[in-house]
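Reader: Hello! I'd like a close look at the interior of this protein, with a few individual side chains and the ligand as landmarks. Could you walk me through it in one go?

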Amino acid sequence: MDTILVTGGAGFIGCNFVRLALAETEARLLILDKLTYAGSLESLAGVLGDSRLRFLRGDIAERSTVQRVFLEHRPSAVVNFAAESHVDRSIDDASDFVRTNVVGAFELLEGARLFLAAAPAAERERFRFLHVSTDEVYGSLGLEDPPFTESTPYSPNSPYAASKAGADHLVRAYHETHRLPVLLTNCSNNYGPYQFPEKLIPLMILNALEGKPLPIYGDGGNIRDWIYVDDHCRGILEVLRRGKPGEKYNLGGGSEQTNLEVVDAICDILDKEWPATNSYRELKTFVANRPGHDQRYAIDDAKIRAELGWEPRHDFASGLRATVLWYLANRSWCEAVQAGTYGRERLGLGAKA
Ligand code: NAD
């Protein structure tokens, strides 16, 4: 039976991937997660007891932990979600971003290389290392520019994007130099259940419900492509199954929206589903723009569509409605992760790596 090592499996995209992989594959899943502020065992509720899932608390940037995990569990694949992922935090202090996103990715690559060097041929042939990356590595587009393709040169603008770009280069180099069977995915902005409420969509939903201002950077005109998290996770599974080692694949939701359009759409859904005295749109507040704020991201995902037959199943309107309804129905998860009464306090549920 395959064992997939899922790093960062207690985070937003990781926990959605774990649920999908349990449902759609027969693999054993081994989560390695440090449980930073962004990781929560609450996000794995309902699946932690699955006999095919094991949770290890540990740091991907810690060499001894990573090498022990490879030797003890002999994974047939690694899917690396573990990262510091919030651009604003990387502007305040980028040290954890460099440590986890660059050094952590390096330790995983190195752990995989050493493990495979001593592994039998059958294990070496089956093994895949999938690194989950972002469209932010490509930099910023003007309004009329064509979308990012897999050959768009890297031009990261935030410390977060630069740390992800650094890891992507290492991933590529381990294929070129060591023939490590790597796969790289660069995806646009995700939204959906279990996203930590510091990111745009959950932040706006929860602020609105509490009657707090809805802070919008600049004039709200920055454009992102939005993908429903389940579509991203299905793409990752497809790349893992059938992607060509050494290749990178862009994934997008085909849904470019200004931040203002996103906030208005959330307000409109809440006005209908959870009406207050006044429209939630009245809570919108424009604040000073983020330094180095990229104007526009857009993704050309023709390659994965043509080669692997993947395409997103959700459009933005239905995905956003499902997301708002999920947050309305899961206020206790929101309260727990916001209060920080999660993860570490519940470590009795998972072994230490
Ligand atoms: P997240 O911040 O919600 O979760 C990150 C997880 O990694 C958390 O569970 C955290 O505890 C864990 N972690 C952090 N440092 C660690 C370390 N040193 N060792 C082990 N675990 C550690 O992030 P996310 O939004 O789920 O993103 C997952 C991946 O997808 C990231 O690599 C991110 O760059 C990439 N990505 C995210 C988006 C998006 O819109 N969220 C889009 C494209 C790509």
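**Inside the fold**

Author: With a relative accessible area of 3%, Cys187 is buried. Please keep in mind that this is a predicted model. Cys267 is another buried cysteine, at a relative accessible area of 1%.

How many disulfides does the structure hold? There are zero. A disulfide is a covalent bond between the sulfur atoms of two cysteines, and the cut-off for calling one here is 2.5 Å between the sulfurs. For Cys187, the closest cysteine sulfur belongs to Cys233 and lies 8.9 Å away, so the pair is too far apart for a bond. For Cys267, the closest cysteine sulfur is that of Cys334, at 17 Å, which is again too far for a bond.

Cys233 leads us to the nonpolar interior. Leaving out neighbours within four places in sequence, Phe17 is in contact with Cys233, and with Val6, Val79, Phe81, Ile236 and Leu237. Phe17 is one of the residues that touch the most other members of the largest nonpolar core, together with Val18, Leu44 and Val79. That core has 69 residues, and helix α1, spanning residues 12-24, gives the most to it, with eight residues. A second core, separate from this one, has 21 residues and includes Leu32, Leu108, Phe129 and Leu180. As background, nonpolar side chains in soluble globular proteins tend to be buried together.

Cys334 takes us to another spot, around Leu206 in helix α7 (residues 200-209). Leu206 counts as buried, at 3% relative accessibility. Not counting residues up to four places away in sequence, Leu206 touches Cys334, as well as Pro197, Arg331 and Gln338. Here is a nice link across the sequence: Leu206 and Tyr327 are 121 residues apart along the chain, yet their C-alpha atoms are 8.0 Å apart in space.

Polar side chains can be found inside too. Asn250 has its place in strand β10, residues 248-251, and Asn250 is buried, with a relative accessible area of 0%. What does the side chain of Asn250 reach at 3.1 Å? It is the backbone oxygen of Phe148. In addition, a polar contact of 2.8 Å joins the side chain of Asn250 to that of Tyr138. Setting aside neighbours within four places in sequence, the contacts of Asn250 include Thr149, Glu150, Asn186, Ile299, Asp300, Asp301 and Ile304.

Our last stop is the ligand. There are 28 residues around the ligand, and Ile13, Asp33, Ser85, Tyr160 and Lys164 come nearest. Elements α1, β5 (128-134), α6 (159-178) and β7 (189-191) each supply at least two residues of the shell around the ligand, with β5 giving the most, three residues. Helix α1 therefore comes up twice in this tour: it gives the most to the largest core, and it supplies part of the ligand shell.

Some polar atoms are worth picking out by eye. An N or O atom in the side chain of Asp33 is 2.6 Å from an oxygen atom of the ligand. From the backbone, an N or O atom of Phe12 lies 3.1 Å from a ligand oxygen, and one of Leu35 lies 3.4 Å from a ligand oxygen. Taken alone, the ligand exposes 830 Å², and the protein buries 97% of that.

Notes. Residues are numbered from 1 along each chain as its sequence is written. This is a predicted model: local features need pLDDT of at least 70, side-chain atom pairs count only at pLDDT 80 or more; totals for chains, interfaces and linings use all residues. Side-chain values use heavy atoms; hydrogens and water are left out. Buried means under 20% relative accessible area, exposed over 50%, partly exposed in between (1.4 Å probe, protein chains only). A nonpolar core is a set of buried Ala, Val, Leu, Ile, Met, Phe, Trp, Tyr and Cys residues joined through side-chain atoms within 4.5 Å. Helices (H or I, at least four residues) and strands (E, at least two) are DSSP runs, numbered from the N terminus. Contact means heavy atoms within 4.5 Å. A polar contact is a pair of N or O atoms within 3.5 Å; within protein, one must be able to donate a hydrogen and the other to accept it, and residues adjacent in sequence count only if both atoms are side-chain atoms. A residue is near a molecule or strand if one of its heavy atoms lies within 4 Å of it. Accessible areas come from the Shrake-Rupley method with a 1.4 Å probe; for residues, only the protein chains shown count as cover.
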